[in-house]
Amino acid sequence: HDLVNNVIYNWNDTAGEIKFAAAAVSVGEAAGEAVITLSRTGGAAEGVTVDVLVTDVTTTVDDDYSITAETVEFAAGETTATFTLTINDDDASEGDETLQLLLTNPIGGATLGRGTNVIVTIVDNEVSFQLSAESYTVNEAGPAVVVTVTRSGPTTGTSTVTLSTTD
């Protein structure tokens, strides 16, 4: 009877539904890599693959990151699979950058579930400064101008900003 139940269970098992395990991913620029996890639910009887489409939002491939595989494989019985984004630590003060990952083209009987799209944020590790406006104007007899300087990136340590004026 157990053999019959096992055969019926395996016959009813499907290749499953694939999605990203997390809705969003954040990784520090100095981390070196981001391991992205996919999950498969609803069955794992067959080996399946799914393609990962990468779209730069504010990143540039090879400058900010590189990807090790654009096709992810689940072996029969596996319910999680991973792939790696290599994060390139540069010296540019560019703020946080993002890229979008999209699952597509499941092969082997699997389907795509909700969660086939994820935004990956690479958190910049350089300090940068931004002024509250592009330019400032004041009359000679007028009141002083207030200039707001916003610091972004790591907030540890001391930083100095030098401002100058022109006529």
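## The big picture

A residue counts as buried when its relative accessible area is under 20%. By that yardstick, 26% of the 167 residues of this protein are buried. Keep in mind that you're looking at a predicted model.

What is the protein built from? It has one helix and 12 strands. Going from the N terminus, the α element leads and the β elements follow.

How far does the chain stretch out? Its C-alpha trace spans about 95 × 25 × 25 Å along the principal axes. The radius of gyration is 25 Å, while a compact globule of 167 residues would have one near 15 Å. Now look at who touches whom: take the contacts with a separation of 6 or more, and 67% of them come from residues 24 or more positions apart.

## Strand E1 and its two partners

Strand E1 covers residues 17-20, and its side chains alternate. Ile18 and Phe20 point to one face and are buried, whereas Glu17 and Lys19 point to the other face and are not buried.

Which strands pair with E1? One is E3 (residues 33-41), which runs antiparallel to E1 and is joined to it by four bridges. Within that pairing, Glu17 has Thr41 of E3 as its bridge partner. E1 also pairs with E9 (residues 111-112), this time in the parallel sense and over two bridges. There, Ile18 is matched with Leu112 of E9.

## A buried charge: Asp90

Find the loop between strand E7 (80-87) and strand E8 (97-107), and you'll find Asp90. Is Asp90 buried or exposed? Asp90 is buried, and it has no salt bridge. A salt bridge needs a side-chain nitrogen of Lys or Arg within 4 Å of a carboxyl oxygen of Asp or Glu. For Asp90, the nearest side chain of opposite charge belongs to Arg151, 16 Å away.

So what does Asp90 have around it? Its side chain reaches the backbone nitrogen of Ala92 at 3.3 Å. Setting aside neighbours within four places in sequence, Asp90 is in contact with Glu29, Asp64, Asn125 and Glu126.

## Thr86 and the company it keeps

Asp64 turns up again when you look at Thr86, a residue of strand E7. Thr86 counts as partly exposed because its relative accessibility is 29%, which falls between the 20% limit for buried and the 50% limit for exposed.

Thr86 and Asp64 sit 22 residues apart along the chain, yet their C-alpha atoms are separated by 8.5 Å. The two residues are also in contact. Beyond its neighbours within four places in sequence, Thr86 touches Gly32, Glu33, Tyr65, Ser66 and Thr68 as well as Asp64.

## Two positive phi angles

Most residues other than glycine have a negative phi. With that in mind, have a look at Asp62 and Asn105. Asp62 isn't a glycine, but its phi is positive, at about 75°. You can find Asp62 in the loop between strand E4 (48-56) and strand E5 (65-67). Asp62 counts as exposed because its relative accessible area is 59%, and the cut-off for exposed is over 50%.

Asn105 isn't a glycine either, and it has a positive phi of about 60°. Where does Asn105 lie? This residue is in strand E8. Its relative accessibility is 39%, so Asn105 counts as partly exposed.

Key:
Residues are numbered from 1 along each chain as its sequence is written. This is a predicted model: local features need pLDDT of at least 70, side-chain atom pairs count only at pLDDT 80 or more; totals for chains, interfaces and linings use all residues. Side-chain values use heavy atoms; hydrogens and water are left out. Buried means under 20% relative accessible area, exposed over 50%, partly exposed in between (1.4 Å probe, protein chains only). Two strands pair if DSSP finds at least two bridges between them. Lys and Arg count as positive and Asp and Glu as negative; His and the chain ends are not counted. A polar contact is a pair of N or O atoms within 3.5 Å; within protein, one must be able to donate a hydrogen and the other to accept it, and residues adjacent in sequence count only if both atoms are side-chain atoms. Contact means heavy atoms within 4.5 Å. The radius of gyration is taken over C-alpha atoms; the globule rule is 2.2 Å times the number of residues to the power 0.38.
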